[in-house]
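Me: Please look at the structure below. I would like the reasons behind some of the labels attached to it.

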Amino acid sequence: MERVCPKKEREQETPVHTFDELYANYRKKLVHHLFHLLGHLDTAVDLSQEAFLRAHKEKKLWQEPHSRPVAWLFRVAGNLARNYLRDYGRSQKRMKEEPNQPIDPYEVLLRRQDRAGLLAAMEELKAVERECLSLRYFSGWSCKEVAQMLEIPEGTVLSHIYRGRLALRRKLK
């Protein structure tokens with residue numbers, strides 16, 4: 001039986017003590033995560049800047065001992081993305097952009113077609129399933145970290161990932 005949440009080799013979370021460290025270490029990862037949630041690079045950049053602005057204003061909240069600044073930042077960004085989708089809906093046409101485009105034009109075309117299909121299928125998922133999948137597979141966080149970011153039990157994260165993957169499998173056949 002395939003594990004829903006396999007161990008994935010990735011870099012460890014970098015300890016953060018200042019806002020500058022938080023920004024330098026997690027700006028690109030946050031934009032990448034928001035891009036996968038929203039499908040539009042400009043909006044992802046705007047919302048990541050808003051999340052960092054809130055982090056700068058609310059330093060006391062994430063600089064407390066035992067706080068998890070990265071989890072706090074990604075939770076704020078996720079809330080901003082959900083608010084954006086609620087307020088502006090999915091009626092706006094999603095732009096098929098890629099943050100890291102390869103050089104070969106044929107490869108670009110193939111990747112865009114694959115990504116367009118995946119993004120269209122993910123758009124039909126429930127918001128929480130889409131967010132769990134994005135955090136886990138596109139951003140590389142462990143299920144435990146995703147649970148902490150979303151403030152839900154780890155078992156619930158596993159359920160959302162399972163249901164989301166099952167729905168994607170059906171849609172992409």
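Reply: What follows takes the labels one by one, for a model that is predicted.

Me: How many salt bridges does a search of the whole structure find?
Reply: The search finds five salt bridges. Three of them are taken up here, starting with E50 and R54.

Me: Why is the contact of E50 with R54 called a salt bridge?
Reply: The closest N and O atoms of E50 and R54 are 2.9 Å apart. The cut-off is 4 Å between a side-chain nitrogen of Lys or Arg and a carboxyl oxygen of Asp or Glu, so the pair qualifies.

Me: What separates E50 and R54 along helix α2?
Reply: They lie four residues apart in α2 (residues 41-57), which means a separation of about one helical turn.

Me: What makes E50 and R54 partly exposed?
Reply: The relative accessible area is 28% for E50 and 37% for R54. Partly exposed covers the range between under 20% and over 50%, so both values fall in it.

Me: How do you know that E151 and R75 form a salt bridge?
Reply: Their side chains meet at 3.5 Å, N to O, and the limit is within 4 Å, so the label applies. This pair links distant parts of the chain: E151 is in the loop between α7 (143-150) and α8 (154-172), R75 is in helix α4 (residues 69-88), and they are 76 residues apart.

Me: Are E151 and R75 buried or exposed?
Reply: E151 has a relative accessible area of 58%; exposed means over 50%, so E151 is exposed. R75 has 18%; buried means under 20%, so R75 is buried.

Me: What is the phi of E151?
Reply: E151, which follows α7, has a positive phi of about 55 degrees although it is not a glycine. Most residues other than glycine have a negative phi.

Me: Why does the contact of K171 with E124 count as a salt bridge?
Reply: The closest N and O atoms of K171 and E124 are 3.3 Å apart, and the cut-off is within 4 Å, so the pair counts. Here too distant parts of the chain are linked, with K171 in helix α8 and E124 in the loop between α5 (105-123) and α6 (127-138), 47 residues apart. K171 is partly exposed at 37% relative accessibility, whereas E124 is exposed at 56%.

Me: Why are α7 and α8 called roughly perpendicular?
Reply: They pack at an angle of about 105 degrees, with their axes 8 Å apart. Roughly perpendicular covers 65 to 115 degrees, so α7 and α8 receive that label.

Me: Which residues make up the contact of α7 with α8?
Reply: From α7 come C143, K144, V146 and A147; from α8 come E154, V157, L158 and I161. They divide into six nonpolar, no polar and two charged. K144 and E154 are charged because Lys and Glu are in that class.

Me: Why is α7 said to be largely enclosed by the rest of the structure?
Reply: Six of the eight residues of α7 are buried, so the description follows. Those six are C143, E145, V146, A147, M149 and L150. Buried here means under 20% relative accessible area.

Me: Against which helices do the buried residues of α7 pack?
Reply: They pack against α4, α6 and α8.

Terms used:
Residues numbered from 1 in each chain as written. Predicted model: local features only at pLDDT ≥ 70, side-chain atom pairs only at ≥ 80, totals over all residues. Heavy atoms only, no water. Helix = DSSP H or I, 4+ residues; strand = E, 2+ residues; numbered from the N terminus. Buried < 20%, exposed > 50% of the residue type's maximum accessible area, 1.4 Å probe, protein only. Axes fitted to C-alpha atoms, helices over the stretch in contact; angles between N-to-C directions. Parallel < 35°, antiparallel > 145°, perpendicular 65-115°, else oblique. Contact = heavy atoms within 4.5 Å.
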